[in-house]
Every structure is written in C-alpha cells, then in structure tokens.
Amino acid sequence: MHNDLFRLDGKVAFITGGCQGIGLAIGLQLAERGAVVAAGDIATDAFETAAAKLNAVKPGNMVVRCDVTDRESINEAVAAVTAHYGGIDILVNNAGINTARDRVTIEHYHEDDWRRILTVDLDGVYYVSQAVIPLLRARGGGRIINIASVLGLVPARLQSGYCAAKGAVVTLTKSMALELAPDNILVNAVAPGSTLTESYSKMLESKDGIFYEKAQSLMSHIALGRPGNPAEIASAVTFLALPASSYITGVVIPVDGGWSAGGFLRDW
C-alpha cells in the first residue's frame, strides 16, 4: 500500500516544453514512476530524440506540437492527448524563455523581450491551464505543477521581464490552488535556481559566452556552490505529482542549492 503512494501507474501527464532540458527530465522521471507522458513542445526537431528517450523508459509515451502562446495550438495538442489516452491527470506548465540580449536596466529593457517573455512564461501557464482544467475535473481531480523560478522569489537586477513573469507565476499558483481545491485539483510550483541545461552548460564552458563571467560569479551566491541539474529539478516536480503529496497545495518549492536562503546577486 505504501508503495502505491510513490507510483503513478495509470496516470497521464502532459508537460509543456517537454522535449528538452528540465521538461524532458520531468517526463523521464514521471515515466519511471509509471505514468504515460505526453510531451508538448514547439521544438519539432527535438521530437524524435525525446520520444526515443521517453519510450526507452516506458513504452507508450508521445510527443505533440504545442505552442503555449497560441490557443489553437494548445487546443489541438490537448485534443490529441485526450484522444490518445482518454484524459489528463497531471499538467506540468514548464515551457518558458528568457532574453538572449544583453541584460539591461528597466528603462532600457526592450519591449519585444518584455512582451515575448510575459507571453510565454505567464500567458502560457494561463492558456494551457484553462484548456486542461476541465479534463482534470472530469477525472475527479489531478495535479498542476508550474515551473516558476528562484527569480520569482528573490528578484535580481537586469532581468525585469523574467522576474515579473516568474513572480506572477508564483502568485498565480497560489490563486489557482485556492480556486481549484474544491475540485481536488492540487496546484503547486517548483522554483529552480541556476540549472545546467544544455544551453546553460555551453555558456559556462565557453569563455566567449556573453554571460560567462556573470555565470561564474553566480556560483558564489549559491550555498551549495554549484548549479543544479535538470534531474534535480524534476525530482521535486515528481514528488508533487505523486499520491504521497496529496495534502500539499498552494506551495512553491525552491530547488536552488540554497540561493533563496540568503544569496545576494550584485549584477547578474
């Protein structure tokens, strides 16, 4: 009986941004626990590799194109997942971006970056949640896990758009938890700190990288002295998806190596 608290057999998980980085790591761990996984992503070039990795863990998973800024794309993806599996039990709102430009103060922050980040990182959570909540309710409940950021808890300089979006995701998570609790839909968030995704790894390894020096100085502000890896972020998400976490809703779990416990960024 106790083992059942740590299994997801028979559950269907839909993960946005699920074919790369943290999203794929989440899918792999949920599949290991017995869930079937539908990985939604806009990066169609990653589909084949992601599908192969997911199905190597447990056969029967799928990938589907999903642009979280486009309601039609979301509805088509959700319809495809529902047609294939009959419903959805777990939603992970993972898709997100940050600016690729030089980091600047708010008065110089480019409006295109502001709009793009808010649209993907915040509006995307809103759009996808609206599409999936009726399906969770139809199953008698479920889980929504939003991927926020430590910068939504402890803002840094020169990233106003990203901090604004992720701070809003933190508060939105709590509001959703209050509204959806009567439907047995638990809503929580995970707030990653610095995480060694493929793109971040390249930045650390290349001294020609635009943010290399800042990335190096960042390590001094992390209590554990290192960035995390996608699997460590995924472990927190997996816990929130399990039956074992059935009395947890409206919380945001920092997975940041101690950054938010007292780190102070001067110029990141």
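Reader: Are R115 and E111 buried or exposed?
Author: The model is predicted: local features need pLDDT of at least 70, side-chain atom pairs count only at pLDDT 80 or more, and totals for chains, interfaces and linings use all residues. Residues are numbered from 1 along each chain as its sequence is written, and side-chain values use heavy atoms, with hydrogens and water left out. Buried means under 20% relative accessible area, exposed over 50%, and partly exposed in between (1.4 Å probe, protein chains only). By that scale, R115 and E111 are both exposed.

Reader: What joins the side chains of R115 and E111?
Author: Helices (H or I, at least four residues) and strands (E, at least two) are DSSP runs, numbered from the N terminus. R115 and E111 sit 4 residues apart in helix α4, so about one helical turn separates them. A salt bridge needs a side-chain nitrogen of Lys or Arg within 4 Å of a carboxyl oxygen of Asp or Glu. At 3.6 Å, N to O, the R115 and E111 side chains meet in a salt bridge.

Reader: Which residue meets R116 in a salt bridge?
Author: R116 is partly exposed, because its relative accessibility is 35%. Its partner has 6% relative accessibility, so D113 counts as buried. Both lie in helix α4, 3 residues apart, about one turn of the helix. The N to O distance is 3.6 Å, and the partner of R116 is D113.

Reader: How far apart, N to O, are E232 and R226?
Author: E232 has a relative accessible area of 29%, so E232 is partly exposed. R226, at 37% relative accessibility, is partly exposed too. The salt bridge between their side chains spans 2.8 Å.

Reader: How many salt bridges are there by this rule?
Author: R115 with E111 is one of them. E232 with R226 is another. The count comes to 6.

Reader: Which strands pair with β2?
Author: Two strands pair if DSSP finds at least two bridges between them. Strand β1 (residues 12-16) and β2 pair in the parallel sense over 5 bridges, and V36 in β2 is the bridge partner of V12. On β2, G40 stands opposite V64 in β3. That parallel pairing has 4 bridges and joins β2 to strand β3 (residues 62-65), so the partners of β2 are β1 and β3.

Reader: How many residues of β2 are buried?
Author: One side of β2 carries V36, A38 and G40, all buried. The other side carries V37, A39 and D41, also buried. Strand β2 (residues 36-41) is mostly covered, with buried residues numbering 6 of 6.

Reader: Which hand do the β-α-β units have?
Author: A crossover is right-handed if, with the strands pointing away from the viewer, the path from the first strand over the helix to the second runs clockwise. β1, helix α1 (residues 21-32) and β2 make one such unit. β2, helix α2 (residues 47-57) and β3 make another. Both units are right-handed.

Reader: How many of the 12 residues of α1 are buried?
Author: The expected span of a helix is 1.5 Å times one less than its number of residues. α1 reaches 17 Å from its first C-alpha to its last, close to the expected 16 Å. Its buried residues include I22, L24, I26 and L30. The helix is largely enclosed by the rest of the structure, because the buried count is 9 of 12.

Reader: Which residues touch the most other members of the largest nonpolar core?
Author: A nonpolar core is a set of buried Ala, Val, Leu, Ile, Met, Phe, Trp, Tyr and Cys residues joined through side-chain atoms within 4.5 Å. The largest core has 30 residues, and those touching the most other members are I26, L30 and V190.

Reader: Which residues does L30 contact, leaving aside neighbours within four places in sequence?
Author: Contact means heavy atoms within 4.5 Å. L30 itself is buried in α1. Its contacts are L8, A13, I15, A35, V37, T238 and A241.

Reader: Is N94 buried or exposed?
Author: N94 lies in the loop between β4 and α4 (111-138). Among the residues N94 touches are I15, T16, I22 and I147. Its relative accessibility is 12%, so N94 counts as buried.

Reader: How far apart in space are I248 and N188, C-alpha to C-alpha?
Author: I248 is in the loop between α8 and β7 (252-255). I248 counts as partly exposed because its relative accessibility is 26%. Its contacts include L186, N188 and F239. I248 and N188 are 60 residues apart in sequence, and their distance in space is 7.7 Å.
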